[in-house]
Amino acid sequence: MDMSQFQAFMSTTVSELAVKVLAAIAFWIVGRWLIGRVIAVMQAAMNRNNVDPTLTKYLGSIVAVTLNIALVLGILGYFGIQTTSFAAMLAGAGVAIGAAWSGMLGNFAAGAFMLVLRPFKVGDFVQVGGITGTVHELGLFGTTLITPDGVMTLVGNGKVFGDVVYNYSALPVRRVDRTAQLAGGVDVTDAIARLKAAIATIPNVAATPAPEVNLLDMNLVGPVISVRPYTHTDHYWQVWFDTNEAIVRVAKEAGWPAPTPTQVVKTMPA
């Protein structure tokens, strides 16, 4: 092969390779755009049919991963790479990776079980894996929470599914537990009546069940009154702080003495 033939061969090969590379890039860009449109249309249709947002995001993630794998295999096939052997190699690699990343597969399986059992949904205020926050997303491998102090936190689905789940949004109301320490000379019956009336006027306190104000305990200082209003979880902290303020206000208006420990000292003659 002389130099002219070599140059002609190289120019033809490079030209064909350049065309294939540019075509592959174009396929990738267009394919990614189409996948995004498919996911958007699918999720929009599910939202129109009032499908649970948790299920919508979870299925969207699965479909996106599947379509992206199909896109990569299609581009490899365009380059002439045998996708069947590549798929077999990918399956073998998947087995090896699965053995090494059993925890990731456990998270995936736990996410699937949670999708079926549905202990919570997007927007619920929960405590899972020791973290308390609002559910932002249930992903393939982890659940994303936004904590009350504004931190986005990812908890592995295996930890979520394998631990106790507290769903504070599952029921219409939850109880706020506060106590009022009274001095020994305060009339307990009058104090309970005053506190019940004050708690009932706090915004967002549920009428049913009614606030519970009862004699909880006795100690050396005096009686301890339990003050327990009910409210929706969205207003929990507002009712918590307003209840504290109501207890202090009632005590001041009623003129109750400050609860202080009493101590009797006896002097024995020498």
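## A tour that starts at P259

Select P259 to begin: leaving aside residues up to four places away in sequence, P259 touches Q181, L182, A183 and V221. You are looking at a predicted model. P259 lies in the segment after helix α7, which spans 236-254. Its relative accessibility is 36%, so P259 counts as partly exposed. Now add A180 to the selection: the C-alpha atoms of P259 and A180 are separated by 9.9 Å, although their positions lie 79 residues apart along the chain.

**Zoom out**

Show the whole protein chain next. The chain has 7 helices and 10 strands, and 29% of its 270 residues count as buried. If you like contact maps, take the contacts with a separation of 6 or more: residues 24 or more positions apart account for 63% of them. Switch on a surface, and the chain exposes about 16700 Å², with carbon and sulfur atoms supplying 66% of that area.

**Select 3-48**

This is helix α1, which provides 5 residues, the largest share, of a nonpolar patch. To see the patch in full, pick V21, L22, I25, W28, I29 and V72; together they have about 540 Å² of accessible area on the surface. Pause on I25, which sits in helix α1. With a relative accessible area of 45%, I25 is partly exposed.

**Select the five-stranded sheet**

In what order do the 5 strands of the open sheet run? The order is β4-β3-β2-β1-β5, and the pairing is antiparallel. Colour β4 (152-156) and β5 (166-167) separately: these are the edge strands, each pairing on one side only. Then move inwards to β1 (residues 125-128) and β2 (residues 131-138), an antiparallel pair held over 4 bridges. Label Q127 and you will find T132 of β2 standing opposite.

**Stay with F125**

The whole structure holds 6 aromatic pairs. One of them joins F125 and Y168, with ring centres 5.7 Å apart and planes at 40°, a tilted arrangement. F125 lies in strand β1 and Y168 in the loop between β5 and β6 (174-175), so this pair ties together parts that are 43 residues apart in sequence. Buried or partly exposed: which is F125? At 16% relative accessibility, F125 counts as buried, whereas Y168, at 23%, counts as partly exposed. For another group of rings, select Y236, W237, W240 and F241, which form one aromatic cluster.

**Turn to the charges**

There are 4 salt bridges to look for. Start with D124 and K121, whose closest N and O atoms are 3.2 Å apart. D124 is buried, at 7% relative accessibility, while K121 is partly exposed, with a relative accessible area of 39%.

Which residues does the salt-bridge network link? Select R175, D177 and R228 to display it. The D177 bridge to R175 has its closest N and O atoms 2.7 Å apart; in the D177 bridge to R228 that distance is 3.7 Å. The pair of D177 and R228 links distant parts of the chain, 51 residues apart: D177 is in the loop between β6 and β7 (178-181), and R228 is in strand β9 (residues 223-228). D177 counts as partly exposed at 34% relative accessibility, and R175 is partly exposed at 34%. R228 is partly exposed too, with a relative accessible area of 23%.

Definitions and conventions
Residues numbered from 1 in each chain as written. Predicted model: local features only at pLDDT ≥ 70, side-chain atom pairs only at ≥ 80, totals over all residues. Heavy atoms only, no water. Pairing = 2+ DSSP bridges. Helix = DSSP H or I, 4+ residues; strand = E, 2+ residues; numbered from the N terminus. Buried < 20%, exposed > 50% of the residue type's maximum accessible area, 1.4 Å probe, protein only. Contact = heavy atoms within 4.5 Å. Patch = residues over 30% accessible without salt bridge, like charges linked within 9 Å, V, L, I, M, F, W, Y side chains within 5 Å. Areas by Shrake-Rupley, 256 points an atom, 1.4 Å probe, with all protein chains shown as cover. Salt bridge = Lys/Arg side-chain N within 4 Å of Asp/Glu carboxyl O. Phe/Tyr/Trp six-rings, centres within 6.5 Å; stacked < 30°, edge-to-face > 60°.
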